[in-house]
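This report walks through one model, from a covalent link to the sheet and the helices packed on it. Keep the structure in view while reading.

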Amino acid sequence: MEQDKDPEDWHGHRIVTEDDLSEGFATDDPERVDNPRYYRRRLMHGIVLGLLAALLIVALVFAYLVKTHQVVIPALEPQPTEAAAAPSHDPVAAACPQDVLKYAQPKDVTLNVLNGTKTPGLAGATAQVLKQRGFRIGEVGNAKLNNSKIVAAVVSGTSGRSKALTVQRQVPGTEYVKDAKRSADTVDFIIGEKYQIKKVLPQGKAKTQDGKLSCPLAVKAAQKKAQKAAASSKAAASEAAKP
């Protein structure tokens with residue numbers, strides 16, 4: 001008669017039972033209770049789990065503070081673009097070019113002399129005087145000035161600024177006007193009501209040093225506009241700050 005088979009044996013291999021597992025993890029195992037290494041290991045596991053939990057809490061709190069901008073990290077803040085980082089708009093520079101220009105020789109300047117007044121013959125007479133100063137005279141005729149109560153307007157495009165400087169040096173008190181659409185380097189000399197031929201400096205008396213263009217009326221108007229805008233902004237900010 002065959003012996004009863006061991007229910008915990010399967011084809012020569014021992015089956016691990018629930019009792020075996022309970023014995024393996026029992027906390028009241030005398031061998032473990034009396035083993036300091038067992039307690040050190042459990043203590044270490046507890047410390048590690050505690051540290052991980054603490055780090056998680058700190059990370060969540062820090063993320064909340066960053067999100068609500070109670071803590072600012074410069075590297076995470078939006079960086080200003082080149083335009084935003086640039087200096088604030090300068091009304092004077094916008095109204096009148098501020099770069100230092102090289103004085104051009106009058107013989108290299110083609111000058112159109114135009115009469116913006118009702119005095120006949122003024123453009124022709126002025127053209128003759130400026131021709132004697134060495135300028136190459138182009139068109140001689142009439143033109144319209146938005147503000148005729150000036151000595152004269154000296155008009156040029158970007159490429160003609162140095163030559164416009166030379167013209168202004170010959171006739172003090174003129175107003176430079178930029179023409180963004182002009183590509184040629186020719187210069188217009190448009191006579192205003194305050195002009196007199198005697199205002200043209202004598203031969204060889206004009207300054208020939210490098211310098212800046214003169215736009216007194218445009219600069220004054222730009223400064224006045226900027227002051228008005230600043231006052232409006234200040235008033236608006238003051239009004240918004242009221243409770």
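## The disulfide

Cys-96 and Cys-215 form a disulfide, with 2.0 Å between their sulfur atoms. The model is a predicted one. The structure holds one disulfide. Its two ends come from distant parts of the chain, 119 residues apart. Cys-96 sits in the loop between helix H5 (91-95) and E3. Cys-215 sits in the loop between E7 and helix H8 (216-241). The torsion about the S-S bond is about 60°, so the disulfide is right-handed.

Are the two cysteines buried or exposed? Cys-96 is buried, at 2% relative accessible area. Cys-215 is buried as well, at 3%. The cut-off for buried is under 20%.

| Residue | Relative accessible area | Class |
|---|---|---|
| Cys-96 | 2% | buried |
| Cys-215 | 3% | buried |
| Thr-166 | 0% | buried |

## The protein as a whole

The protein has eight helices and seven strands. Of its 243 residues, 27% are buried. The exposed surface is about 17,700 Å², and carbon and sulfur atoms supply 58% of it. Take the contacts between residues at least 6 apart in sequence: 74% of them join residues at least 24 apart.

## The sheet

Five strands make an open sheet with mixed pairing. Their order is E4-E3-E7-E5-E6. Strand E4 (136-142) and strand E6 (175-178) are at the edges. Each has a single partner strand, so one side of each lacks a neighbour in the sheet. From one strand to the next, the twist averages 25°.

Strands of a sheet pair through backbone hydrogen bonds, in parallel or antiparallel fashion. Both kinds of pairing involve E5. Strand E5 (residues 152-156) runs antiparallel to strand E7 (residues 187-191), and four bridges join them. E5 and E6 run parallel, again joined by four bridges.

Which residues are the bridge partners of Val-155? In E7, the partner is Asp-188. In E6, the partner is Val-177.

## Helices on the sheet

Helix H6 (residues 122-132) lies across three strands: E3 (110-115), E4 and E7. Helix H6 runs at about 155° to E3.

Helix H7 (residues 161-170) belongs to a right-handed β-α-β unit, made by E5, H7 and E6. How many of the ten residues of H7 are buried? Nine are, and the helix is mostly covered. The buried set holds charged and polar names as well as aliphatic ones: Arg-161, Lys-163, Ala-164, Leu-165, Thr-166, Val-167, Gln-168, Arg-169 and Gln-170. Among the elements covering these residues are E3, E5, E6 and E7.

Thr-166 gives a closer view of H7, the helix in which it lies. Thr-166 has 0% relative accessibility and so counts as buried, the cut-off being under 20%. What does Thr-166 touch, leaving aside its neighbours within four places in sequence? Its contacts there are Tyr-103, Ala-104, Pro-106 and Phe-135.

## Summary

One disulfide joins Cys-96 to Cys-215, and both cysteines are buried. The five-stranded sheet is open and mixed. H6 lies across E3, E4 and E7. H7 connects with E5 and E6 in a right-handed β-α-β unit, and nine of its ten residues are buried.

Notes. Residues are numbered from 1 along each chain as its sequence is written. This is a predicted model: local features need pLDDT of at least 70, side-chain atom pairs count only at pLDDT 80 or more; totals for chains, interfaces and linings use all residues. Side-chain values use heavy atoms; hydrogens and water are left out. Two strands pair if DSSP finds at least two bridges between them. Axes are lines fitted to C-alpha atoms, for helices over the stretch in contact, and angles run from 0 to 180 degrees between N-to-C directions. Contact means heavy atoms within 4.5 Å. Buried means under 20% relative accessible area, exposed over 50%, partly exposed in between (1.4 Å probe, protein chains only). Accessible areas come from the Shrake-Rupley method with a 1.4 Å probe; for residues, only the protein chains shown count as cover. A disulfide is a pair of cysteine sulfur atoms within 2.5 Å. A crossover is right-handed if, with the strands pointing away from the viewer, the path from the first strand over the helix to the second runs clockwise.
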